[in-house]
Amino acid sequence: MFDDEDLREIREGREEWEEESLGPTVERFGERKESFTTDTGGREVKPLYTPNDIAPKDYDEDLGFPGEDPFTRGVYPTMYRGRLWTMRQYAGFGTSEETNERYHYLLDNGQTGLSMAFDLPTQMGYDSDDAMAAGEVGKSGVAIDSLHDMETVFDGIPLDEVSTSMTINAPASVLLAMYIAVGDLQGVDREELRGTIQNDVLKEYIARNTYIYPPEPSMRIITDIFEFCAEEVPSFNTISISGYHIREAGSTAAQEIAFTLADGIEYVEAAVDAGLDVDDFAPQLSFFFASYNNVLEEVAKFRAARRMWAKIMEERFGAENPKSKQLKFHTQTAGSTLTAQQIENNVVRVAYQALAAVLGGTQSLHTNGKDEALSLPTEQSVRTALRTQQILAHESGAADTIDPLAGSYYIESLTDELEEEAFSLIDEVDDQGGMLRAIEEQWVQRQIQDTAYDRQEEIENGERVIVGVNEFTTDEEPEEDVQEVDEDDEKRQQERLAGVRERRDESEVEATLDALREAAEGDENVMPYIIDAVKAYATTGEICDAMREVFGEYNPGY
């Protein structure tokens, strides 16, 4: 974009500026810190960036235009000028009735997509009356034991008019089957169902630990979902490959990109090995990233990830369909940055993180409630979080032009640096034998743990300032209302489950579970059998147990 003579003159001009202007000023007045680094990874931030920091760069090859390869500037030609990102608020707690009430509240306040949180027993494939569920029913999300619960959650919400994201992984096949079944009961054509299941079990082994089955059968279920949805539910994203939890576990921005895309590579390879054509399922892949406080680093991260995925899909897998190369992603603001001290500060943190996601070109966005360091968010804090997105969309101007920070010497340089570092990490994963092997050997986990330890040490020794925690503190904190789950909800949910079991046809339940076991033992796609079991009102735990009998349970061995 600049010829050699231009670059030479700029380089000489910078050297003169450093010698005659910057140097004497710093010598006389100093700078705020001995060194400036990005939020993660300790990457040095220079005092000034010029065209020399991004040379040589080819516009068409490195940037291009929105909606065109390599998608650095966005996956759609019009981006937010055509349609705003989907505004989601992660919601779900207690009983299905309470969650339904919250969903109607959010939709009435302008939310454009639903995002479903499940309680821990559901995430682990246990029913609410299982001994393993004691004390956890409805706590971290809604309890879904059967199709009856899912019907209640979406009562009065036509599934052909909303997009629903479900944060569910090991039992994703079961919850997707329930969603499809609700759509069938509503008379909605399956091709009209829109949304996303997280369905990313690899990151469970890395960061969250809500897994059920060993890696190999888990990958088999995931590829079955890919195949089934490509034919039956083509508008539904079959996986949300999640960097969010990797980042929340303590990774750097570059590690978040690298390990997320390496997970994506593993899923694509598994599907191709299972005989699927990459261009048949890859357009339904989606991603999920965190957005942290360093606005410019986060913008560069999102741009680098898009460009890298386009290269990976073309060079590794020979993808020809442009949609197979598009990295479409959901963003959530960073829960781990929220502080219990001075929680009003969290409103500001969330706003900056949301801005970074929008400037980085996200397709959907969840903004955290200010009180989530203390509890589930109240209706008031949820409304404020949603209004944050609406103000950003309609008042800030950030959505009026596409990729507004493109061409910034700092942003382009940082995008290149993150891409280079992330590709280097992917090479290391390849050297380990691929992501699955690297996870089994705990290599990935150790990289993240080391980074998290270093970050915490910086906070504790004051090198990293957290406003209201280790600097700018106050002695007293105001009392806050917190959202609490009624302790009687667990009993009510168990009674509801007992009622479902009394009303259903037990012979039909057993027949569908037997058929599922047989399919799991063979090589048939398990999804049609799971849907049959769901429609017979087999429970989440019963369906997962049927597959546990065939696949076993994962034991990490440490």
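**Exercise 1. What radius of gyration would a compact globule with 558 residues have, and what does the chain have?**

Before starting, note that this is a predicted model, in which local features need pLDDT of at least 70, side-chain atom pairs count only at pLDDT 80 or more, and totals for chains, interfaces and linings use all residues. Residues are numbered from 1 along each chain as its sequence is written, and side-chain values use heavy atoms, with hydrogens and water left out.

Step 1: take the globule rule, 2.2 Å times the number of residues to the power 0.38, with the radius of gyration taken over C-alpha atoms.
Step 2: for 558 residues, that puts a compact globule near 24 Å.
Step 3: the chain has 24 Å, so the two agree.
Step 4: for the outline, the C-alpha atoms fill a box of roughly 85 × 60 × 50 Å along the principal axes.

**Exercise 2. Work out what the chain is built from and how much of it is buried.**

Step 1: count DSSP runs from the N terminus, taking helices as H or I with at least four residues and strands as E with at least two. You get 21 helices and nine strands.
Step 2: call a residue buried under 20% relative accessible area, exposed over 50% and partly exposed in between, using a 1.4 Å probe and protein chains only. Buried residues come to 56% of the 558.
Step 3: now take contacts, meaning heavy atoms within 4.5 Å. Of those between residues at least 6 apart in sequence, 79% join residues at least 24 apart.

**Exercise 3. Find the aromatic pairs and look into one of them.**

Step 1: pair rings of Phe, Tyr and Trp (its six-membered ring) if their centres lie within 6.5 Å; planes under 30 degrees apart are stacked, over 60 edge-to-face, and the rest tilted.
Step 2: searching the whole structure gives 18 such pairs. In one, Tyr 80 and Trp 85, the ring centres are 5.0 Å apart and the planes sit at 75 degrees, so this pair is edge-to-face.
Step 3: check the surroundings: Tyr 80 and Trp 85 are both buried.
Step 4: look for a group as well. Phe 287, Phe 289, Phe 302, Trp 309 and Phe 329 make up one aromatic cluster.

**Exercise 4. Track down some backbone oddities in the loops.**

Step 1: go to the loop between helix 1 (4-29) and helix 2 (59-63), where Pro 56 lies. The peptide bond from Ala 55 to Pro 56 is cis, with omega near -10 degrees.
Step 2: move on to Pro 70, in the loop between helix 2 and strand 1 (86-91). The bond from Asp 69 to Pro 70 is cis too, with omega near 10 degrees.
Step 3: try Gln 342, between strand 8 (329-333) and helix 13 (345-359). Its phi is near 50 degrees, a positive value in a residue other than glycine. With 16% relative accessibility, Gln 342 counts as buried.

**Exercise 5. Which residues does Arg 383 touch, not counting residues up to four places away in sequence?**

Step 1: locate Arg 383 in helix 14 (residues 379-394).
Step 2: judge its exposure: at 33% relative accessibility, Arg 383 is partly exposed.
Step 3: list its partners, which are Tyr 105 and Asn 109.
Step 4: compare sequence with space: Arg 383 and Gln 89 are 294 residues apart along the chain, while their C-alpha atoms are separated by 9.2 Å.
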